[in-house]
Every structure is written in C-alpha cells, then in structure tokens.
Amino acid sequence: MFSFAPPGLEEFYRTFSITYFSISHDEQQIAFSTNMNGHFNIWGMDLPNTFPYPLTMVNQRPSFVRFDPKGRFLLAGFDRDGDENQQIYAISPNGGQLMPIRVQHGKRHDFSDITQDGRYLYYSSDKDNAMYLNSYRYDLETEEETIIYEGKEVTTALLTVAPNGSSFVIAKASSNTHVACYLLIDDEEICLTPDDQVPHVVDFVRYLDDDQLVFTTNYQASHSYLVHYDIPTRAMTRLIQLENRDITWITVNQQGMIYFVAQNGVEDELFLYDLPTHAYRKIDFPGAVIHQISVRESGNLYVLCSSEDHPVNLYRRTIDGVWTQLTNLRVIGASPTMMQKAKTIHYPSFDGMIIEAMLFQPAKEKSNDHTIIFPHGGPQAADRKNFWSLTQFLLSQGYAIFSPNYRGSTGYGAEFTKMIERDWGGAPRQDVVSGIDYLIEQGLAHREKLFVMGGSYGGYMTLLLHGRHAEYFRAAVDIFGPSDLFTFYHSVPEFWKPMMDAWLGNPESDKEKMTEDSPITYLDAMTKPMLVIQGANDPRVVKAESDQIVERLRKKGRDIEYLVLEDEGHGFSKKENELRVYQRVIEFLDKHQWKEGK
C-alpha cells in the first residue's frame, strides 16, 4: 500500500485563522474575519448551518466587525496593506460592496460603539488631532458628525457608550501601565477610580445597562480585578479578585451574567459570575488561550480560542453548558497527534527573579538538536499557548523553540510589567541570556546549536542579543525590529509620542541609557549571518529602522540577507507573503545549522 507524506511548509501555512467575530441580535448569523481565501476578509455563517461564505472580497485585514443591533447591516474597518489607517464601512448582511461611512485615507478611524437603536456611531480618530486623538459621534441617518471629546496632554480613546447614548467612557493613556478611564455624563467628567494620579490600568469597560458599568482594574493591586460601577451614585465596588491572575476579557448581558477570562501565566481560565447572587464558578473550555468572548441575551456564550497544538476556532456554549464547535480550522494533512505541546518551565534569572517560559521540543525522531531562542514582541505582552503555524512547522523540521516571558511581560503582575519601562535592553536581555544558560546547564540545548529570532520588540531583542552576545548564536532572524532607539523614538505614530518618555526613555535625559540599549551601537560585534525581514508600510517600526542596520552591516562585509514586503505593514496579512517569509526563514536556518568540522 501507499503512504502519505507528512505536511510541509505549504500545508502549515495554509492553516487559516480567525481574528474577530460578531453575532447578530437573533443569533442567526455570525460574521468573522478570516483569511480562508489567502487574504483577510469578512465571512459569514447562518446558524445552525456552519458552512462559511464570503461577505467581502477586499483582501485586507479587518480591524473590527460589528453587527448593527437591529441586524440591518454590518460595520467593519479596513486599512490598506498594513498601514493601520483603518476606514469604517457598512456591509449588507448578505455581503457585497463596501459602503463608506467614515473614510479619510491616511487617517485612522478606531471604532468604539454603536447605540442600541443603531443610529449613532462612535469612534476615535487622528484626523483632527494627530497626537492626542479626538472622539466623534456620527449620525447614520442625518450624516451629521459631532466631536464629543478633544484629546489633550495624553493619548485618548473612546472605549464604549451607554446603550441609549446618555454617557460614554474615555481612556487616557500616560503609558501602557497607566491608563485611567473617565465617565462623561451631563457635562461632567468623572474618574472611574479614586485617584487618577496613582499609576494603574482600567480596561474592558462594559455597560450592563444605562446606569451600570463593569470593568477591570489593577488600581492599588498587583493584578487586575473585576469591578462594578453604579453611575447614579458614582460607587465603585470590587466584585472579585483572583490570586496571581489578571482578569482580562469581560462580556456581559442584561440579566447580569458576566463571563470573564483570567490570565494564569501562559494559559487562560474562564469564569462565570452571576451579578444578582455574586456567585461565580470556573468553566472548562476547549482551548488554552481565549481571543474573544461574547455572551448573548439568551445566555449562549461564543468563544474564539486556540491552544498551542490546535488552530483558533469558534465555539458556542449553551446556557445548559453544552459546547459546540462552529468552525473547524486545522492543519492540512496533519492529525492532532502530529502537533507538539509546550512545556512550561521556570528558571532563576541573573538576580534570582523567577522567569516563566515555554519550551517546545520536536518529536525525538525528528530532532536536529538545534534550538531557536524566540523573544516575544510587545514588549508589554507575553508568549502564551496559542496556535502559531510557524512554531509547529519549525518543530516538524526538528527545531526546538524557547520562548521566555522576561520581565516586562504581561500576566505576572503590574510591577513585573513595569520593569521594562525605560530599560528595554537591560534586565529583560539578561533574563533571556539567563534562560539560555539554564537550557544549556540542564542539557535542554547545545551551546553550539542556537539561533535567535523574533519580531517587533522580539526583533529588537534579536538584534541586541546578536550585538552583545553573538558568541551564543549561529545566526539571527530579525523581523521588523527597531535597530536604533533614537530614530525609533522619533518615527513612531504621532499618538504614541506622548507615551514614549515613560515607555522607552527620553533622548536627551536618557541619552546614555538609550545608546547602551540600541542594537546599532554594537555593529562591530554583529558577526553572525543575519536575515532581516521588513514590511514597507509598517507604521510602528518604519522601514528605515531595518534599512539603516542592513546598510551599515553590509558595508562591514557581514553576511546579511534582506527581504522587504512591499504590501505589508507590522505583520503578515497575506498568505502568499507569509509563505514567502517562512520559506526564506527555514532555508536560512537550515543553511546555518552546525555541521561536523564546520
């Protein structure tokens, strides 16, 4: 008999994804963002039928999708080839042409909410206020627009609006770890927490009705907890706080059902909180990491989740606790047993602080004994047990992958997350090096068989590790990483700039530190082969960041490969580009593997 070949690069990169979803008011239709045709578009399903069909064919990644509360239309945002200047459009529930609603190319329109009657659209934009952003109400019937909030001093965003439009909530971000929120009602601006000068974060603000809010905050706490806010009395009440866990996603309905997600290191936990009784319980769910949740008035819960060995899919949980898988995205040609799970490990860093990390190891019969050190992006984010086709493909080719959640990562407490601020290249870098030493000491990696690869801040860390610790690595792969903190400081989007001093440092007062932490300072020590990948339209880490380090290293005669994607930004939205990138990555890694006598 014949046997089938195992899945290769093409099969892994034809694994599709879902990024956002919305449910119609009657739960008869789901709309979701997916790249099932090789490009991101909005697709739909008519429940109980779960066969998907396309609603748009614009081949651009949606920034959001939202049903009109009455089911008459969909709202969605699209940018152009990763430039992140999303425009707002309306789409028929049957699909078809986009109807421009708020469009001004070259400017971003960040959707916030729509009133319960479906008449008023709310959003934030940089079109009149590039640095601080303004917030707007747009009347879909009369086409009249009103500025309802003008940003000043810090970056602002409109988060949510009362169902009847009587109040709304504005976020003011001094940094990623200091985001205070304010209720705007009857010409009054009220901080939702007792003191907006105390560094803390308020997030996931939801209206239960026109008079009640719930949200998460870490105000005077190490981890985020769940809060109820009574608008008429201005009373804030702590509902629940979990030990060593951040409460993240919240979804609510008018019956007082509150589902929330708690981040427990590299995995999530799902809970149901009943507001009338204040009882709560943990709910098992079919994944490891939750990407979005939505509870309906029926009590049905819709969840978008994945695990490290299973792609992202949509699920529904009925009021009686029965789960149904609504989509079935999977790796072509692969059985679930072919996927590898991560091991969660903990190791002491240079100063004794314990760092959590994931170690992916290939099947023994496939191992090539090489390990890829893979610092995550953000930097105030974390590597978690969500599915990434690149990880599973590299495992199938014999590579182990080490993903440390160095200080600055989220999910380990507010103080841990703050530790990277104004110290991008100090202690976090040493956390990664300590992790490498731990792997070698434990016999989990070989000193002469290491690579380093990362994207965004992970690309920055890749460059810095190459410059300061080249002796560890055979080669490096930098994917849109900042190379010079001074040029990066000045080239970020305008609305990032009010936060840059707190996040990165000040070029004048912190000149010595920023020079020390800039990869471009260490060009002479960057002696190993390097592959650099960059999106031409990247608004976060502009192409000049990669251009300058490639040019200067090539002048020194270094072995540098450079791939620029002309129709991408800060990431890969098109499958053919993703395939092209990772074909180049695997060829580069294979070429530079350790060989006897080499």
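Trainee: Which residue meets Lys574 in a salt bridge?

Mentor: The model here is predicted. In a salt bridge a side-chain nitrogen of Lys or Arg lies within 4 Å of a carboxyl oxygen of Asp or Glu, so the partner of a Lys has to be an Asp or a Glu. The N to O distance in this pair is 3.1 Å, and the residue that Lys574 meets is Asp81.

Trainee: How many salt bridges are there between domain 1 and domain 2?

Mentor: The domain assignment puts domain 1 at 20-106 and domain 2 at 340-592. The salt bridge of Asp81 and Lys574 therefore joins a residue in the range of domain 1 to one in the range of domain 2. Across the interface there are also 5 residue pairs in polar contact. For salt bridges between domain 1 and domain 2, the count is 2.

Trainee: Which residues of domain 1 lose the most area to domain 2?

Mentor: The C-alpha centres of the two domains are 33 Å apart, and 11 residues of domain 1 contact 12 residues of domain 2. Domain 1 and domain 2 bury about 860 Å² between them, with 41% of that on carbon and sulfur atoms. On the side of domain 1, three residues together make up 49% of what is buried: His39, Asp81 and Glu84.

Trainee: On the side of domain 1 that touches domain 2, how many residues are charged?

Mentor: Asp81, with its salt bridge to Lys574, counts as charged because Asp belongs to that class. By class, this side of domain 1 has 1 nonpolar and 6 polar residues, and the number of charged residues is 4.

Trainee: Which residues lie nearest the centre of the second largest pocket?

Mentor: This pocket has a volume of about 230 Å³. Its lining divides into 5 nonpolar, 7 polar and 2 charged residues. Of the 14 residues that line the pocket, those nearest its centre are Gln361, Pro362, Ser367, Ala400 and Leu444.

Trainee: How many polar residues are in the lining of the largest cavity?

Mentor: The structure holds 1 cavity of 30 Å³ or more, and the space in the largest cavity is about 30 Å³. Its lining consists of Arg422, Asp423, Trp424, Leu485, Leu504, Lys513, Met514 and Asp517. By class, 4 of the lining residues are nonpolar and 4 are charged, and the number of polar ones is no residues.

How values were computed:
Residues numbered from 1 in each chain as written. Predicted model: local features only at pLDDT ≥ 70, side-chain atom pairs only at ≥ 80, totals over all residues. Heavy atoms only, no water. Domains from an automatic or database assignment. Contact = heavy atoms within 4.5 Å. Buried area = accessible area lost by both parts, 1.4 Å probe. Polar contact = N/O pair within 3.5 Å; in protein donor to acceptor, adjacent residues only side chain to side chain. 1 Å grid on protein atoms, 1.4 Å probe; cavity = no way out; pocket = protein on both sides within 12 Å on 5 of 7 lines; lining within 4 Å. Points joined across faces, edges and corners; volume = space filled by probe spheres on them.
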